[in-house]
Amino acid sequence: MTVLGSRALPPGALGSGVDTVRRDALVGDGMRVAVVAETFVPAVNGVVTSVLRAVDHLAVRGHAPVVVAPSGASYESRCGAEIEVVRVPSLRMPGYRELSVARPGTALTDVLRRLAPDVLHLASPAVLGGAAARAGRALGIPSVAVFQTDLAAFATRYRLPGGAGTAWRRLRALHAAADLTLAPSSASATLLRRHGIGPVALWPRGVDLEQFCPRRRDPVLRRELAPGGELLVGVLGRLAVEKRVHLLAPLSRLPGVRLVVIGDGPQRRQLERAMPAARFVGQHVGDELGRLVASLDLLVHPGADETFCQAVQEALAAGVPAVVAASGGPLDLVRHRENGWLWAGDDPHELAALVAGLRDAPATVREAAGRARASVAHRTWARVGDELLDHLAGVCTRHARTG
């Protein structure tokens, strides 16, 4: 396991909110944390993003993280720390070939005994996270389970055997083996408690205020994407069933509106056929993603099963108001008619009518854009990372008292 020493970092190396970390915070012995990731790089999704950020913040604060995952390789984090990645046997998920998941029956007792962590961070636990929770309990290692994917809704949309009922039974058993469950939004916390999972604490996600910033708005890119000065509307995320991007078909045909689809996934070809007027730009990351998002006039997110919805938070940070389904995690981010709009129901024609109304009220859109960034500016990864450290330290302390 890689043990981190003290090392000065160049200013700004970690992005907004992290370059103010004191040098003495990088020095000294800390917790050994095994971060068990259900999915990891090269996959691009909210789980992977939060894992990378959590690991980086652990390293910055002088702790020793190691990643256990079905994909990826040891790497240098954003802060320059060498992060060990322990690979487990994996398989490709049917219908989602780009996503590697752990093989059912994977045992982690020997791995965790070798790593000897002080605490387990279980990121969106399912198969691998469940095995880690059970092994941790047997070895006397405290754990924090981070709820990030609504597996019950996932089971329903993908028509998996047993459906939502079976998924919730498995989730209850899995989270019962953890010392604490972290929910990313108030809606998720309520959902978990309603299904008998607890104790639950709130742990949201951070946003990179440098990558997603109104200053990245690019007039040249806007003219390319909306040559007639149309309202430029974007959707950002995986192109998969649960994201319900197909509901944007009526919107894509609106005169005076250009729809840009940012992302990739198993539904891309089907969606391209259904929305020939939309511009599909594929998957982007880093500065280019920040430039694309900031150049939008409006983000639309039709997904109804989001436990948080990082895409919405990133758009708001970039000064782009959002139209979202009135359910789940986005309810913590979007305030109706202030920094965005809530769309109630499942009717795509109602959604298109809402966007058409905004097309015809540019001053209203500009006013919401002016309030967007301030609504999430406090949600830096540094602040959120410190909240995670408090939760991890808390379970370690309670375990030491009772163990």
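What follows is a friendly conversation about a predicted model of one protein chain.

Visitor: How do you know that the model is a confident one, and where is pLDDT under 50?

Guide: Confidence here is pLDDT, which runs from 0 to 100. The chain averages 90, and 91% of the residues score at least 70. Residues 1-28 are where pLDDT stays under 50. The model still has 54 contacts beyond four places in sequence for that stretch.

Visitor: What makes the radius of gyration agree with a compact globule?

Guide: For 403 residues, a compact globule would have a radius of gyration near 22 Å, and the chain has 21 Å, so the value agrees. Along the principal axes, the C-alpha atoms fill a box of roughly 65 × 50 × 35 Å. Within the chain, 57% of the residues count as buried. About 16,800 Å² is exposed, with carbon and sulfur atoms supplying 52% of that area.

Visitor: What is the chain built from, and how many of its contacts link residues 24 or more positions apart?

Guide: The chain has 14 helices and 16 strands. Among contacts with a separation of 6 or more, 67% are between residues 24 or more positions apart.

Visitor: Why is Val 68 called buried?

Guide: The word buried applies under 20% relative accessible area. Val 68 has 1%, therefore it counts as buried. This residue is in strand 2, which covers residues 64-69. Beyond its sequence neighbours, Val 68 touches Val 35, Val 36, Ala 37, Val 86, Val 88, Leu 108, Leu 115 and Leu 128. The C-alpha atoms of Val 68 and Leu 112 are separated by 9.4 Å, with the two residues 44 apart along the chain.

Visitor: Why is Glu 76 called exposed?

Guide: Exposed means over 50% relative accessible area. Glu 76 has 53%, so it counts as exposed. Its place is strand 3, residues 75-76. Not counting residues up to four places away, Glu 76 touches Ala 81 and Glu 82. Glu 76 and Pro 204 are 128 residues apart along the chain, and their C-alpha atoms are separated by 25 Å.

Visitor: Why is Arg 258 called partly exposed?

Guide: Partly exposed is the range between the cut-offs of 20% and 50%. At 22%, Arg 258 falls in that range, so it counts as partly exposed. Arg 258 lies in strand 12, residues 257-262. Its contacts beyond four places in sequence include Leu 225, Pro 227, Glu 230 and Ala 277. From Arg 258 to Val 85 the C-alpha distance is 42 Å, with their positions 173 residues apart in sequence.

Visitor: What makes Ser 188 count as buried?

Guide: The cut-off for buried is under 20%, and Ser 188 has a relative accessibility of 4%, so it counts as buried. Ser 188 is in helix 6, and beyond its sequence neighbours it is in contact with Phe 147, Ala 183 and Thr 307. The C-alpha atoms of Ser 188 and Glu 306 are 8.8 Å apart, although the residues are 118 apart along the chain.

Visitor: What is notable about the phi of Ala 116?

Guide: Most residues other than glycine have a negative phi. Ala 116 is not a glycine, yet its phi is positive, about 50°. It sits in the loop between helix 2 (109-115) and strand 7 (119-123). With a relative accessible area of 36%, Ala 116 is partly exposed.

Visitor: What is the phi of Cys 309, and is this residue buried or exposed?

Guide: Phi of Cys 309 is near 90°, a positive value in a residue other than glycine. Cys 309 is buried, because its relative accessible area is 4%. The residue lies in the loop between strand 14 (298-301) and helix 11 (310-317).

Visitor: Which peptide bonds are cis, from Val 41 and from Gly 198?

Guide: Most peptide bonds are trans. The bond from Val 41 to Pro 42 is cis, with omega near 10°. Pro 42 is in the loop between strand 1 (32-37) and helix 1 (46-60). Gly 198 and Pro 199 are also joined by a cis bond, with omega about 0°. Pro 199 belongs to the loop between helix 6 (186-194) and strand 10 (200-202).

Visitor: How many positive and negative charges are there, and how far apart are their mean positions?

Guide: There are 48 positive and 37 negative charges, and their mean positions are 3 Å apart.

Conventions. Residues are numbered from 1 along each chain as its sequence is written. This is a predicted model: local features need pLDDT of at least 70, side-chain atom pairs count only at pLDDT 80 or more; totals for chains, interfaces and linings use all residues. Side-chain values use heavy atoms; hydrogens and water are left out. pLDDT is the predictor's confidence in each residue, from 0 to 100. Contact means heavy atoms within 4.5 Å. Helices (H or I, at least four residues) and strands (E, at least two) are DSSP runs, numbered from the N terminus. The radius of gyration is taken over C-alpha atoms; the globule rule is 2.2 Å times the number of residues to the power 0.38. Buried means under 20% relative accessible area, exposed over 50%, partly exposed in between (1.4 Å probe, protein chains only). Accessible areas come from the Shrake-Rupley method with a 1.4 Å probe; for residues, only the protein chains shown count as cover. Lys and Arg count as positive and Asp and Glu as negative; His and the chain ends are not counted. The place of a charge is taken as NZ of Lys, CZ of Arg, CG of Asp or CD of Glu.
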